[in-house]
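Biologist: I'm new to this one, and I'd like a close look at a single part. Could you walk me through the sheet?

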Amino acid sequence: MKFSNRIASRSFAPTLVAGIALFSLHSTAHADSYNITVTNHMDKELLAPVLVAPVSADPNIFKKQYVTQEAETQILTGDPAKLAERIGNDVTVAHGNDGPPGVLLAPGKSISFKVKTKASAVRLISMVAPTKVPDNFVTGIINLKAPVDITLERYDIGHNEGNKEISHVSTGSATVKISRSMGM
C-alpha cells in the first residue's frame, strides 16, 4: 500500500508505472462498495470536486512527465467532466458544498460519498482552487484490497511556470478515510 504517492518531476514516470503495475488488476468478482470521506487540511485553500477512478485509468490522467489534456482541464478549471468522460463508466465524482459555485470543499470540512468498483485500487484527484496558485492538485492511491486511510499529496503541473512538469509541493493537504460498505 502506498500511503503517499510522491511524484518528483524527474521520477514521475517510474512512480506511475510502478503504481499501475501494483494496483491495476481488476477483480473478476462483482463490484464492491466503499465509503470514502475526504477532509481538506489546507489553511485557506479549497478543493474542487474529487474524481475517483481505477488506477488502471492512470494513462487517461498522466502522460509522460505531465498530464493529459482532460486532466489539465480538471486541474486548471476544477471541472472533472472531460476527464470523467475520457475514463468512462468506472468513475465517481464527489462535490463539496462550499464557495462559489457551491461545489468546493472548504478548509477543515469533509465530504463523504460511496464508490462502487471492481478495481483493486483507485486514484483520487482534485484541483486545489486557484486562490493562491493556479495549477496545483492533490492526489493519492487507495489499495482497496487492504483499505487504509491515506494522505493526499499536493503537486504543481508547471503550467503557469511554462515547464509543464509535475513537481511535489507538500504532504498532508487532505486525508482520505475509507471503509468497505455493506451496500450501495
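Modeller: Here is the sheet, followed by its surroundings and a few details in the loops. First, a caution: this is a predicted model, where local features need pLDDT of at least 70 and side-chain atom pairs count only at pLDDT 80 or more, while totals for chains, interfaces and linings use all residues. Residues are numbered from 1 along each chain as its sequence is written, and side-chain values use heavy atoms, with hydrogens and water left out.

The protein chain has three helices and 10 strands; these are DSSP runs numbered from the N terminus, with helices being H or I of at least four residues and strands E of at least two. Starting at the N terminus, you meet them in the order α-β-β-β-β-α-α-β-β-β-β-β-β.

Now the sheet itself. Eight strands make an open sheet, ordered β5-β2-β7-β8-β9-β10-β1-β6, with antiparallel pairing; two strands count as paired if DSSP finds at least two bridges between them. The edges belong to β5 (92-94) and β6 (110-117), and each has a single partner strand, so one side of each is left without a neighbour in the sheet. On average, neighbouring strands here are turned by 25 degrees against each other, direction ignored (axes are lines fitted to C-alpha atoms, for helices over the stretch in contact, and angles run from 0 to 180 degrees between N-to-C directions).

Zoom in on one pair: β1 (residues 32-40) and β10 (residues 167-180) run antiparallel and are joined by seven bridges. Asn-40 sits opposite Ala-174 in β10.

What lies across the sheet's strands? Helix α2 (residues 69-77) lies across β2 (50-54), β7 (121-127) and β8 (136-143), and runs at about 50 degrees to β7.

The loops have some details too. Between β5 and β6 you'll find Pro-101, joined to Pro-100 by a cis peptide bond with omega of about 10 degrees. Lys-64, in the loop between β3 (62-63) and β4 (66-67), has a positive phi near 55 degrees although Lys-64 isn't a glycine. Lys-64 is exposed, at 69% relative accessible area (exposed means over 50%, buried under 20%, partly exposed in between, using a 1.4 Å probe and protein chains only). Lys-164, in the loop between β9 (150-156) and β10, also has a positive phi, near 45 degrees, but Lys-164 is partly exposed at 39%.

Finally, zooming back out, buried residues make up 49% of the 184 residues in the protein chain.

Conventions:
Contact means heavy atoms within 4.5 Å.
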